[in-house]
Amino acid sequence: MSLSITLLTALGFLVVFGALQRVLDRMGLTDRQALFFVAAMIAGTFLPDIALGEAVTVNIGGALIPFGLCVYLFIRAGTAWERVRTILAALLGAALVFALGRWLPSEPEHQWFSDLWIYGIAAGLAAFLLGRSRRAAFVAGFMGVLLGDLLQGVISRLQGYEVTIALGGAGILDAGLIAAISAVTLTELIGEIREKMSGARHEGQHYHNGHFQRQEEKS
Amino acid sequence: MKKGILYLLAVLLLGIPVAVRADLETQTGYCTVHDENGAVLLRIAGSVQIGDEYISSDNRRYRIVQADAAAGHAAAVFVEDVILPEAILAAQAQEWIPKIALYCTHTDESYVEGDGSESIAEGGGILDIAGLLTQELNESGCEAILDETNHVPHDAGAYRRSRKTAVSLMKEEFPTLLLDVHRDAVPEDEYLHELDGEELSSVRIVIGRGNANYPANEELAKTIKAVADKRYPGLIKDIYMGKGDYNQDLMARSLLLEFGSHETDKQMAEKSTAYLAEVLSVTLGANTSPAEPTPGISPVPGVTQAPKENRSAPAAPSEEGGNEDRGAMKGIGILLGILALAGIGIAAFFVRKGNRGESALHLLREMTGVGSRPDPDREERK
């Protein structure tokens, strides 16, 4: 069972059992919407890729639907400042993904853990440092890998190499989705740790969008 | 203070890649692994990791116990003698033609002697080797497809890019076997081999031990080596089980092959493709039988194959099948583990000191929805 299928199945179970209710609430998604997107991404993976000219292909499950979800999350962002931070987090995520791809050792056996996780952690950190919200984390995680791939593809084409830029080409098995999920998980984890450390929950507060809010202020 | 700890955590996480990178600078570009007696076991490009395993040409399993990446040296201990599986060919339909999909993650890899350079970004000599292997497989009773998608640059993102190619091949071709064709980067004598009086390059099989398909892929690799050892001893020089994924989490019959090194004469690598194609064809039970031997090649002793008229009979359960099951079970185990950890984590956040009973009931209500109060925010959204 591949890493992404394991992650998505676990995600599906957690959504069904309501365990991700708080996370989804903070992302502005309902359980049904989350399950719909998961199912659509799985189904979209097996559909033929959309070719945009000779150089670019787009996978429906791995790029188009998660991109739609990113747009939805972006529109649902609470404030204009959160949108700006989300864009910055996505750009920083893309820069990190691109830089890590160039800088890390090329052979997987040289890395401490799968490179699929490294991109998620990098994008998650970008989201935490700039976005500080689960919405920003998802967008930064996914768009980071997508834009990083696009940037690398464009550079290779400009260098004269006939590469195909396959956006989300591996569908639900693509690094972008793994990065998005791990970025949200990381942000949630850091948020919860910070909440626990501050003892805010004892005061009826929770950590959201980079600062503590009372429960009734939740957006 | 607390903010400081969090930023320290972020810096530490960001520092992981730095530490990884710093740890991997080698003097030679390859690692030499020694056994307990100091004899050289193998040389492999880059570095090895503690815990990696290795099945030598003479079928002895070793485990890496020490690794000095900077010096390019590692030590391995003998673990056990490996008894290779008898190549039990699954009973197949009469016109069984295994489909093999090939691609090259490092499309730039080339042979200095033959291509003029060890790396050609536009498309290296490794694509020629993969192309030749594809042709030989097609002539050996298999249906082989090569995807020549270029994955340059040769960096850490190459496997991420080739993952798309691998998934595309799986989606469109439904292959029996997925092969990622490479060449190594060690001195040429590591791969030099003589077979039937001619020099050629031997082949190393590399398996990622960082994914759930590891047991199934190891079993397949051992079966291929069993067939090769009987037909062309030494053709499969060894099996390396390294830390990493190599996109082998995608399917259970997925292997990485190293055809010589950058110093190998390309012609030697080309010669080995015909032999390997035949070995793969026999291992996968392509439409050949011991009664119809390939000209000039002896039937495989010990390899049983159902007669053509009986090939539709149910296949005997093979060791490999058992390992695929174990791989699937491991996957389910990982899934259950994640769920259990998630459950424990959630419980830890909900259960507070002093009123654990009440909090546990609260958690139960949250999980099941039974007896829970309606969430005003969610109602409002609806």
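This is a short tour of a two-chain model, stop by stop, for use with your viewer open.

The model is predicted, so local features need pLDDT of at least 70 and side-chain atom pairs count only at pLDDT 80 or more, while totals for chains, interfaces and linings use all residues. Residues are numbered from 1 along each chain as written, chains are lettered from A in the order in which they are written, and side-chain values use heavy atoms, leaving out hydrogens and water.

**The sheet of chain B**

Start by colouring the strands of chain B (strands are DSSP E runs of at least two residues, helices H or I runs of at least four, numbered from the N terminus). You will find an open sheet of 11 strands in the order 2-1-5-4-3-12-11-13-8-6-7, with mixed pairing (two strands pair if DSSP finds at least two bridges between them). Its edges are strand 2 (40-45) and strand 7 (143-147) of chain B, each pairing on one side only.

Next, select strand 11 (residues 203-208) of chain B: 4 bridges join this strand to strand 13 of chain B, and the two run antiparallel. Look for B:Ile205, whose bridge partner in strand 13 is B:Leu257.

Now add helix 5 (residues 214-231) of chain B, which packs on the sheet and touches, among others, strand 3 (53-55), strand 4 and strand 8 (177-184) of chain B (contact means heavy atoms within 4.5 Å).

**Aromatic stops**

Show the side chains of B:Tyr62 and B:Phe78, an edge-to-face pair with 5.8 Å between centres and 70° between planes (rings of Phe, Tyr and Trp, for Trp its six-membered ring, pair if their centres lie within 6.5 Å; planes under 30 degrees apart are stacked, over 60 edge-to-face, the rest tilted). B:Tyr62 lies in strand 4 (residues 60-68) and B:Phe78 in strand 5 (residues 73-81) of chain B, 16 residues apart.

Buried or partly exposed: which is B:Phe78? At 29% relative accessibility, B:Phe78 is partly exposed, while B:Tyr62 is buried at 5% (buried is under 20% relative accessible area, exposed over 50%, partly exposed in between, with a 1.4 Å probe and protein chains only).

Stay here and add B:Arg60: its charged end sits over the ring of B:Phe78, 4.1 Å from the centre (NZ of Lys or CZ of Arg within 6 Å of the ring centre and within 35 degrees of the ring normal). Widen the selection to B:Tyr54 and B:Tyr240, which form one aromatic cluster with B:Tyr62 and B:Phe78.

**Over to chain A**

Finish at helix 5 (residues 80-103) of chain A. Its buried residues include A:Glu82, A:Arg85, A:Ala89 and A:Gly93.

How values were computed
Expected span 1.5 Å × (residues − 1). Axes fitted to C-alpha atoms, helices over the stretch in contact; angles between N-to-C directions.
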